[in-house]
2 protein chains.
Amino acid sequence: MALLVQKFGGTSVGNIDKIKAVAKKIKQFRQQDNNIVVVVSAMTGETNRLIEMAETMQKRPTPRELDVLLSTGEQTTIALLAMALNEIDCSAISFTGHQVKIETDNSHNKARITDIDAEKITAQIDQGKVVIVAGFQGADQDGNITTLGRGGSDTTAVAIAAALKADECQIYTDVDGVYTTDPRIEPAAKRLNEITFEEMLEMASLGSKVLQIRSVEFAGKYNVPLRVLSTFVDGPGTLITLEESEMEAPVVSGIAFSKDEAKITVLGVPDTPGIAYKIIGPVSEKNIEVDMIIQNMSKDDYADFTFTVHRNDYDKAMEIVKETAERLGAREIYGDTKIVKISLVGVGMRSHAGVASKMFETFSKEGINIQMISTSEIKISVVVQEKYLELGVRTLHSAFKLDK
Amino acid sequence: MALLVQKFGGTSVGNIDKIKAVAKKIKQFRQQDNNIVVVVSAMTGETNRLIEMAETMQKRPTPRELDVLLSTGEQTTIALLAMALNEIDCSAISFTGHQVKIETDNSHNKARITDIDAEKITAQIDQGKVVIVAGFQGADQDGNITTLGRGGSDTTAVAIAAALKADECQIYTDVDGVYTTDPRIEPAAKRLNEITFEEMLEMASLGSKVLQIRSVEFAGKYNVPLRVLSTFVDGPGTLITLEESEMEAPVVSGIAFSKDEAKITVLGVPDTPGIAYKIIGPVSEKNIEVDMIIQNMSKDDYADFTFTVHRNDYDKAMEIVKETAERLGAREIYGDTKIVKISLVGVGMRSHAGVASKMFETFSKEGINIQMISTSEIKISVVVQEKYLELGVRTLHSAFKLDK
């Protein structure tokens, strides 16, 4: 008898009928002799509705009180799902985060799970019940309600799976697995049967928004087998594993991309120690996230410096950098919002130096100019002009035989 | 510095603007150097909306899960009210029933409070905060969420006031106090400055639906000074006290009435021991509440038997009684749904035999025929034809000088 933790997100439980459909699905798994713990999010749109209400009440809602309010979203879903399961004779019981002692730190609105008491859940499983737990929420040591921030339900599911030593943590979503790249860009994209945690982390952070990054990190850390599946279409989904299990692992697993990038280049700053900090520091102080950072020596002890930010932050970042650059006596500042980042991801490439050169060769053949390059152990990212996004992704997809 | 427990019902916190208005009101009391604990209900209509949702999910919603769902209603209000108070610089903190350990038995949907741990509330008051507690809800010994049933927020407020030994428990509602009778029937009706718990119990159970009966009982038992006031109009309201404080208490405090009555009469049943039980037993077994019961000897050892039920239960009760009466060999059954009950309420009448005769005399002068009479220590109720309701109430109101 397997123990499964199944997580259903907001779109999967978006209305009464969808909740009933999820209940049927759970009952099927139960009838196949599985013990099941279900983690659910708030119904689609509910969290936004509550936030709007809070903001009409208080310009910047007190974080603690916002959590009291937001946590009602999942509490509604767990009760309704339990009723739907009981109605079809699949005995179920619901718990809030507080009730099953999902203990977090006290960072309201973005709390982190510190402990879970599995006892209460186990006791109900032993009584043959499907246990439904509210995702996204917990309580701090003083019993204050906390929430984990957007996407936190994934983390709840993984944390419960870890605490219960579940056989698998299944994340149900509206896609049927992780693909070699976005099928909307490359129709030949294929579903991966397996992907490693590290690859998944790179894919997720690059815009394949299937899973919340924190939950993948968490699953990797506690060695929880994680599977991404579709709520609406039956299928095996994609298993996220600690190590590639196939002997001859393909070098490249997938192609990720990000369309929301913008770059800022500062040319000819005096190359003194701490120059990078002087430029990036003021930007990150304003809570702007900086992604790629590249520094090149130019001539005569002057450095050229380029970094990328989210396109929404471009204007703000540019304003800050202009001020800094003037003070530092930079020669020129240059910005571009019409760029994209394309990345090859794959554990296999660690030991295959040829991957990078093949990538560059492929782009060169198509006349795609590479503006920036950045590499990590399992990823090579390049920045190119926006117009090359589709061409770049498709060319790489075929060059690395991901459609085979 | 006084400690006040203030309860605001669903209509008082019915929307965003009303919650903001309540916040302003609370701030005023706070500025007058009071410590304040606020108990709130769900916003008007919210509880009904949740029940409807539950019923589309499950024909007869699992009581435990219904409580998980319903409790989100007050949880939403406490968070919003806390935000509204913080926004106007009146420091506030919210708690669910569970969080301040409002312990109840495990009768879901109609739980009874067994204990309250005042410590958490007191700690926050000591820090100068307005403490907001969700009404209507608690948790049983195992931490399951429970609700107290309709009107339960009044009980929560009184229970907290008792636990904290508050100086006063103030119930804010849409009327500005308890009246000598319903002003819609008798425009000369006057607000009472004070009324005793016992009188209030009789008034409440007879349809002056200002307070939930249980909360009045509770307040009387724990000697909590209770005051009914209007959320929307300033004024002293009505204080509900243990003993009439005025030396020369008026004999009659008010006139209550009930328009939802129906009566059933069984004529000529053999007067054997247990006959009352044989007739009433089957009715109450079907959960039909029986109000007045009157039995008279008729001639030749046959008894006449009359009782009243809620008009909604009339058909069902009649059906049951017909069956019983046939078995018992009753001579005749007679029913009437066009009746009302009018009651004189007043602690003073205990020692004033003249009240009853004055009441009968008043009715007799107006040609109002009395069909049934029933008396208690502090109440005289009569059943008359429906058409005499207004005339009866107004005549009594003036005869007992309640408008003076």
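This report describes a predicted model of two chains, A and B, moving from their arrangement and contact to the cores, one strand and two backbone angles.

**Confidence**

The predicted model has an ipTM of 0.78 and a pTM of 0.80. For chain A, the average pLDDT is 89, and 95% of the residues score at least 70. Where pLDDT is low, predicted coordinates should not be read in detail.

**Arrangement of the chains**

In general, two copies of a chain are related by a rotation about an axis and a shift along it. Here, chain A is superposed on chain B by a rotation of 180° with 0.1 Å of shift along the axis, and the RMSD is 0.1 Å. That is the relation of a two-fold axis. Within chain A, the residue that comes closest to this axis is Thr72(A), whose C-alpha lies at 2.7 Å.

**The contact between A and B**

Chain A contributes 27 residues to the contact, and chain B contributes 27 residues. On the side of chain A that touches chain B, helix 2 (46-57) and helix 3 (63-87) each supply at least two residues. The largest share, 14 residues, comes from helix 3 of chain A. Sorted by class, this side of chain A has 13 nonpolar, eleven polar and three charged residues. Of the interface residues of chain A, 100% are also interface residues in chain B, so the copies meet through the same surface.

**Nonpolar cores**

In soluble globular proteins, nonpolar side chains tend to be buried together. The largest nonpolar core of this model has 117 residues, and those with the most contacts inside it are Leu81(B), Ile132(B) and Ile160(B). Another core, of 116 residues, lies apart from it and includes Ala79(A), Leu81(A), Val158(A) and Ala163(A). Beyond its neighbours within four places in sequence, Ile160(B) is in contact with Val5(B), Val37(B), Val39(B), Ile116(B) and Val133(B).

**Strand 6 of chain B**

Strand 6 of chain B covers residues 130-134, and five of its five residues are buried. In a regular strand the side chains alternate between the two faces of the sheet. Both faces of strand 6 of chain B are covered, with Val130(B), Ile132(B) and Ala134(B) buried on one side and Val131(B) and Val133(B) buried on the other.

Which strands pair with strand 6 of chain B in the parallel sense? Strand 2 (residues 34-40) of chain B does so over four bridges, and strand 3 (residues 92-95) of chain B also pairs with it over four bridges. Val39(B) stands opposite Val133(B) in strand 6 of chain B, while Ala92(B) has Val130(B) as its bridge partner in that strand.

**Positive phi angles in chain A**

Two lysines of chain A have a positive phi, a value noted here in residues other than glycine. The table lists their angles and surroundings.

| Residue | Phi | C-beta atoms within 10 Å | Class |
|---|---|---|---|
| Lys101(A) | near 50° | 17 | partly exposed |
| Lys401(A) | near 55° | 11 | exposed |

Lys101(A) is located in the loop between strand 3 (92-95) and strand 4 (102-104) of chain A. Lys401(A) is placed in the segment after helix 11 (389-399) of chain A. Lys401(A) counts as exposed because 11 C-beta neighbours lie inside 10 Å, and the limit for that class is 12 or fewer. Lys101(A), with 17 other C-beta atoms within 10 Å, is partly exposed.

Definitions and conventions
Residues are numbered from 1 along each chain as its sequence is written. Chains are lettered from A and ligands numbered from 1 in the order in which they are written. This is a predicted model: local features need pLDDT of at least 70, side-chain atom pairs count only at pLDDT 80 or more; totals for chains, interfaces and linings use all residues. Copies are superposed by least squares on the C-alpha atoms of residues with pLDDT of at least 70 in both. Two residues are in contact if their C-beta atoms, placed from the backbone, lie within 7 Å. A nonpolar core is a set of buried Ala, Val, Leu, Ile, Met, Phe, Trp, Tyr and Cys residues joined through C-beta atoms within 7 Å. A residue is buried if 20 or more other C-beta atoms lie within 10 Å of its own, exposed if 12 or fewer, and partly exposed in between; C-beta atoms are placed from the backbone. Ala, Val, Leu, Ile, Met, Phe, Trp, Tyr, Cys and Pro count as nonpolar, Asp, Glu, Lys and Arg as charged, and the others, Gly among them, as polar. Two strands pair if DSSP finds at least two bridges between them. pLDDT is the predictor's confidence in each residue, from 0 to 100.
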